[in-house]
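Work through the following exercises with the sequence and the structure side by side, and try each task before you read its solution.

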Amino acid sequence: MAKVKTSKKDTFIDMTAMSDVTVLLLTFFMLTANFIPLEPVQVVTPASVIETKVPDYNFVTILVDPQGHVFLNLDRPADKREALEKMGKLYNVEFSEQEKANFAEPTTFAGVPMKAMKQYLQLDISERKEFIRQFEGIPADSTNNQLATWLKTARAVNRDLTISVKADESTPYPLVRNVTSTLQDIKENRFSLVTQLRGMPDGL
């Protein structure tokens, strides 16, 4: 008996709907993702098992590098702009509108003495990182504690700010303690120490 050959048909799958969903998901993640600012120094935080998440908004970050140099950044551009204006009045430094706009950028950290801030903000982004290395961060010693002034100014601008201290794991404790002592001196006793999450030890 002769075999009946069945005709082969191409299988067509309409991927239009799946492509639309992919584009929508990609757009959603792009719009809701938090921008991580480029930091002026590389900091490797110590590990811990604490899972408390740092707030995504209304925060000020104090960055401490291995040499104890201190940098500061606020997350909201409007807060950064207003804080700079207030700091300028306190230290008799007048900033132009362009300099204020440059400081409001997410990648711009306060990391130089106020006497050098105007020159710092006049530079291009690519030049600021090299310029900032000429200084030892924000002065935080007992005779010229500009870190305390920055923090009090930031708090005056935004009462709801959450303070986070991000120090390198190799930063000597006395240098970190100098920053936390400054916070305590200005009655800022609630702050977070930023760490990276590690697994729980076996047997716990």
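**Exercise 1. Describe the overall architecture of the chain.**

Begin by counting the secondary-structure elements: the chain of this predicted model holds seven helices and six strands. Next, put these elements in order along the sequence, which gives the pattern α-β-β-β-α-α-α-α-α-β-α-β-β. Then turn to burial, where you should find that 38% of the 204 residues in the chain are buried. For the surface, the exposed area comes to about 13600 Å², of which carbon and sulfur atoms supply 55%. Finally, consider the contacts with a sequence separation of 6 or more: 67% of them are between residues 24 or more positions apart.

**Exercise 2. Find the aromatic pairs, and work out which parts of the chain two of them tie together.**

When ring centres within 6.5 Å are taken as paired, the count comes to three aromatic pairs. Take Phe 103 and Trp 150, whose ring centres are 5.7 Å apart and whose planes make an angle of 25°; since planes under 30 degrees apart count as stacked, this pair is stacked. Now locate the two residues: Phe 103 lies in helix H3 (residues 97-103) and Trp 150 in helix H6 (residues 146-157), so the pair ties together parts that are 47 residues apart in sequence. Both Phe 103 and Trp 150 are buried.

Repeat the steps for Tyr 120 and Phe 131, which also form a stacked pair, with 6.3 Å centre to centre and 20° between the planes. Tyr 120 belongs to helix H4 (residues 114-121) and Phe 131 to helix H5 (residues 125-132), so this pair ties together parts that are 11 residues apart in sequence. To judge their burial, use the cut-off of under 20% relative accessible area: Tyr 120, at 3% relative accessibility, counts as buried, and Phe 131, at 7%, counts as buried as well. To finish, add Phe 135, which forms one aromatic cluster together with Tyr 120 and Phe 131.

**Exercise 3. Identify the residue whose charge lies over the face of Phe 103.**

Look at the face of the Phe 103 ring, and you will find Lys 80 lying over it, at 5.3 Å from the ring centre.

**Exercise 4. Locate the cavity and name the residues that line it.**

Counting cavities of 30 Å³ or more gives one, and the largest cavity has a volume of about 30 Å³. Its lining consists of Val 60, Leu 151, Ala 154, Arg 155, Leu 161, Ile 163 and Glu 188. As a last step, assign the lining to elements: H6 supplies the largest share of the lining, with three residues.

How values were computed. Residues numbered from 1 in each chain as written. Predicted model: local features only at pLDDT ≥ 70, side-chain atom pairs only at ≥ 80, totals over all residues. Heavy atoms only, no water. Phe/Tyr/Trp six-rings, centres within 6.5 Å; stacked < 30°, edge-to-face > 60°. Helix = DSSP H or I, 4+ residues; strand = E, 2+ residues; numbered from the N terminus. Buried < 20%, exposed > 50% of the residue type's maximum accessible area, 1.4 Å probe, protein only. Lys NZ or Arg CZ within 6 Å of the ring centre and 35° of its normal. Contact = heavy atoms within 4.5 Å. Areas by Shrake-Rupley, 256 points an atom, 1.4 Å probe, with all protein chains shown as cover. 1 Å grid on protein atoms, 1.4 Å probe; cavity = no way out; pocket = protein on both sides within 12 Å on 5 of 7 lines; lining within 4 Å. Points joined across faces, edges and corners; volume = space filled by probe spheres on them.
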